[in-house]
Amino acid sequence: MIKTIPGTTMQYTEKVRTDAFSLISPILTATGGLTLSQLSKLTGLGSSTIQNWIKRGWVVNIPGKKYYEVQVIRILLINMLRGSMQLEDIAILMNYINGKVEDTSDDIIPDIDLYNIFCTIICEIDEKRIFEIDDIRSTIKLIIRNNNSYVKEQESVLENTLLIMTLAYQSSLIKRKMEQEYERLDIRKYKI
């Protein structure tokens, strides 16, 4: 069961199923953008990690000292995938779906809609305990067809990207569970 809003440390609510970013957006509005320490608390990421992602060009550079919607969404997306994907591969995947980070004219889908759809898929798969790849693919198709914010001619690119993202997210959850179980074992005496 999902306990936090994906990519964040915020407690899960049912609103995540349909419009996850609407739970984060009021914070940005109220604060006029997030400071680095606020963004770090929201995501659970270290400040240097966030700054490194911006320096590498994976997140659009910030004007001033506040992080706005465009930066926050991309950071959330990367954060959701980094548990099982190499950061360079995540950057390639984000470029594949939405081109250059500074240029939204080449986007197949706005990052905010990508994030919301991805969260909806995660919630649906979690609730129904879907693990078979064909069932995941069918769920993705159904969810994106109910959305009109993407370039229709690129639907298969979107579907395939969301499939990879979903499998990566599920893999990171399984990896985390494995690590927790490993820590519970009393095997320190077997260290080589």
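A residue counts as buried under 20% relative accessible area and as exposed over 50%. The model used in these exercises is predicted.

**Exercise 1. Helix H8**

Task: Compare the expected and actual span of H8 (residues 133–145), then find which residues are buried and which are exposed.

Solution.
Step 1. Take the length. H8 has 13 residues, and at 1.5 Å a residue they should span 18 Å. The end C-alpha atoms of H8 are 18 Å apart, which agrees.
Step 2. List the buried residues. They are Ile136, Thr139, Ile140, Ile143 and Ile144.
Step 3. Place them around the axis. These residues cover an arc of only 120°, which puts them on the same side of H8.
Step 4. Recall the helix rule. An α-helix has 3.6 residues a turn, so residues three or four places apart point the same way.
Step 5. Turn to the other side of H8. Asp134 and Leu142 are exposed there.
Step 6. Name the partners. The buried residues of H8 pack against H7 and H9.

**Exercise 2. Helix H6**

Task: Which residues of H6 are buried, and what do they pack against?

Solution.
Step 1. Check the span. H6 (residues 87–98) has 12 residues that should span 16 Å at 1.5 Å a residue. Its end C-alpha atoms are 16 Å apart, in agreement.
Step 2. Pick out the buried residues of H6: Ile90, Ala91, Leu93, Met94, Ile97 and Asn98.
Step 3. Find their side. They lie on the same side of H6, because their arc around the axis is only 160°.
Step 4. Find the partners. The buried residues of H6 pack against H5, helix H7 (111–128) and helix H9 (155–184).
Step 5. Look just past the end of H6. Gly99 takes a positive phi of about 60° there.

**Exercise 3. Helix H5 and its crossing with H3**

Task: How many residues of H5 are buried, and how do H3 and H5 cross?

Solution.
Step 1. Check the span of H5. Its 13 residues should span 18 Å at 1.5 Å a residue; the end C-alpha atoms are 19 Å apart, which agrees.
Step 2. Count the buried residues. 11 of the 13 residues of H5 are buried, so H5 is largely enclosed by the rest of the structure. Among them are Gln71, Arg74 and Met80.
Step 3. List the partners. The buried residues of H5 pack against helix H2 (25–31), H3, H4, H6, H7 and H9.
Step 4. Focus on H3 (residues 36–43) and H5 (residues 69–81). Their axes come within 11 Å and cross at roughly 35°. The crossing is right-handed.
Step 5. Name the residues that meet. Leu39, Leu42 and Thr43 in H3 touch Val72, Ile75, Leu76 and Asn79 in H5.
Step 6. Sort this contact by class. It has five nonpolar, two polar and no charged residues.

**Exercise 4. Two loop residues**

Task: Is Val59 buried or exposed, and what is the sign of phi at Arg129?

Solution.
Step 1. Locate Val59. It sits in the loop between helix H4 (47–55) and H5.
Step 2. Apply the cut-off. Val59 counts as buried because its relative accessibility is 1%.
Step 3. Look for its contacts. Leaving aside neighbours within four places in sequence, Val59 is in contact with Trp53, Ile54, Gln71, Arg74, Ile75, Ile78 and Val101.
Step 4. Take one distance. The C-alpha atoms of Val59 and Val72 are 8.7 Å apart, with their places 13 residues apart along the chain.
Step 5. Move to Arg129, in the loop between H7 and H8. Its phi is near 55°, a positive value in a residue other than glycine.
Step 6. Set this beside the general pattern. Most residues other than glycine have a negative phi.

Note on methods
Residues are numbered from 1 along each chain as its sequence is written. This is a predicted model: local features need pLDDT of at least 70, side-chain atom pairs count only at pLDDT 80 or more; totals for chains, interfaces and linings use all residues. Side-chain values use heavy atoms; hydrogens and water are left out. Axes are lines fitted to C-alpha atoms, for helices over the stretch in contact, and angles run from 0 to 180 degrees between N-to-C directions. Helices (H or I, at least four residues) and strands (E, at least two) are DSSP runs, numbered from the N terminus. A crossing is left-handed if the near helix is turned anticlockwise from the far one by less than a right angle, and right-handed if clockwise. Contact means heavy atoms within 4.5 Å. Ala, Val, Leu, Ile, Met, Phe, Trp, Tyr, Cys and Pro count as nonpolar, Asp, Glu, Lys and Arg as charged, and the others, Gly among them, as polar. The expected span of a helix is 1.5 Å times one less than its number of residues. Buried means under 20% relative accessible area, exposed over 50%, partly exposed in between (1.4 Å probe, protein chains only). The arc is that of the directions from the helix axis to the C-beta atoms.
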